[in-house]
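Reader: Please show me the model and explain how its descriptive terms were assigned.

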Amino acid sequence: YVRMRGKTLPVNTVEEMKKRIIVEKPGTLTSFLEKFNEYMHVIAGDREAIKRIAREFVEDKAKEGVIYVEVRYSPHLLANSGVKEIPWNQEEGDLSPDEVVRLVNEGLSEGEREFKIKARSILCCMRHMPSWSKDVVELCKKYKDEGVVAIDLAGDESLNCEANPEHMEAYEEAVRCGIHRTVHAGEVGPASVVKEAVEVLKAERVGHGYRTLEDDDLYKKLLAQNMHFETCPISSKLTGACNADFTTHPVITFMKDKANYSLNTDDPLIFNSNLHHDYQTAHQHMGFTEEEFKRLVRSNHSASFLPSSISSHQSLLIQDIYCKTSKCKLCFKD
């Protein structure tokens, strides 16, 4: 398949590729992100691959017992046309960011029908490519009723901390048009990045947000606002975002303070992980109890970007979500 597309990979088998890209020891966020360079040039620009990956993503989540998932990606990183500075050293092609979103939506919808769960997407602006951000918010607007539920700002905080004016303009437009907003902030960057995300970009959720704890006043303010933190225990260890010792992880503080947060899986391929792994880690090393998992499921529901008409129905399934994701398959006996 790779040869058919005229592409090359540094290895010849799936197992060899896994050994090359899977991160097993703590490193840095930068070194983690560099792993995408190994294979993204093969996927980007390929209509069949993009749609198939979206569908199979839903299949994977269904196997984990999830009944509603929000997946985020950058349309521009999967395109090879209509993009300033085409990524992954690709040649100009004919797959635009707009068509990428359409293909992902189709793949997710197929997965929804086949595996009987709900899947929505969040489109990412990239910190190092502010020129893409206007396109991203326009795509969020265009596909707001076709599966896209929010805008995000992602990328390497250690290299690009403060939001560019073009990012700010995109988020201003998102606020004006009623587009939900989340921002990767405080993963490896300082608490000031979290403050900017909330106060300037008007984020409704914070991706990771661990470094918020470095600013006590900000943390107390966000607790009072019931700000939602999207935490990822396994990821935070392997990117060097947090101490490798899970027993001192910032999530424990969130738990003790009854913060509004969720446990998530960040890049299951490169971290060779899944949602079960993150939940088991919280139970085994962070002191999470059955009651805390129940509370998490309730807060996850209230913080989701699912449209209110669907979300109201989804609230009837909260106990079912808990049984599938937290109790039966993860930490506690039937």
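Author: The questions below concern a predicted model, with its helices and one loop residue as topics.

Reader: How do you know that the length of helix H5 agrees with its 19 residues?

Author: H5 covers residues 97–115, and at 1.5 Å a residue its expected span is 27 Å; the end C-alpha atoms are 27 Å apart, so the two agree. H5 is followed by Lys116, which has a positive phi, near 60°.

Reader: What do the buried residues of H5 pack against?

Author: Their partners are helices H4 (47–63) and H6 (133–142), together with strands S1 (68–73), S2 (118–126) and S3 (148–154). Among the buried residues of H5 are Pro97, Val101, Asn105 and Gly111.

Reader: Why are H6 and H7 called roughly parallel?

Author: H6 and helix H7 (residues 165–177) pack at an angle of about 15°, with 8 Å between their axes. Angles under 35 degrees count as roughly parallel, and therefore the term applies to H6 and H7. Their crossing is right-handed.

Reader: What makes up the contact of H6 with H7, by class?

Author: H6 contributes Ser133, Lys134, Val137, Glu138 and Lys141, while the residues from H7 include His167, Ala170, Glu173 and Arg176. By class, the contact has four nonpolar, two polar and six charged residues.

Reader: Why does Tyr143 count as buried?

Author: Buried means under 20% relative accessible area; Tyr143 has 5% relative accessibility, so the term applies. Tyr143 lies in the loop between H6 and S3.

Reader: Which residues is Tyr143 in contact with, leaving aside neighbours within four places in sequence?

Author: Tyr143 is in contact with Asp98, Val101, Arg102, Asn105 and Val148.

Terms used:
Residues are numbered from 1 along each chain as its sequence is written. This is a predicted model: local features need pLDDT of at least 70, side-chain atom pairs count only at pLDDT 80 or more; totals for chains, interfaces and linings use all residues. Side-chain values use heavy atoms; hydrogens and water are left out. Helices (H or I, at least four residues) and strands (E, at least two) are DSSP runs, numbered from the N terminus. The expected span of a helix is 1.5 Å times one less than its number of residues. Buried means under 20% relative accessible area, exposed over 50%, partly exposed in between (1.4 Å probe, protein chains only). Contact means heavy atoms within 4.5 Å. Axes are lines fitted to C-alpha atoms, for helices over the stretch in contact, and angles run from 0 to 180 degrees between N-to-C directions. Angles under 35 degrees count as roughly parallel, over 145 as roughly antiparallel, 65 to 115 as roughly perpendicular and the rest as oblique. A crossing is left-handed if the near helix is turned anticlockwise from the far one by less than a right angle, and right-handed if clockwise. Ala, Val, Leu, Ile, Met, Phe, Trp, Tyr, Cys and Pro count as nonpolar, Asp, Glu, Lys and Arg as charged, and the others, Gly among them, as polar.
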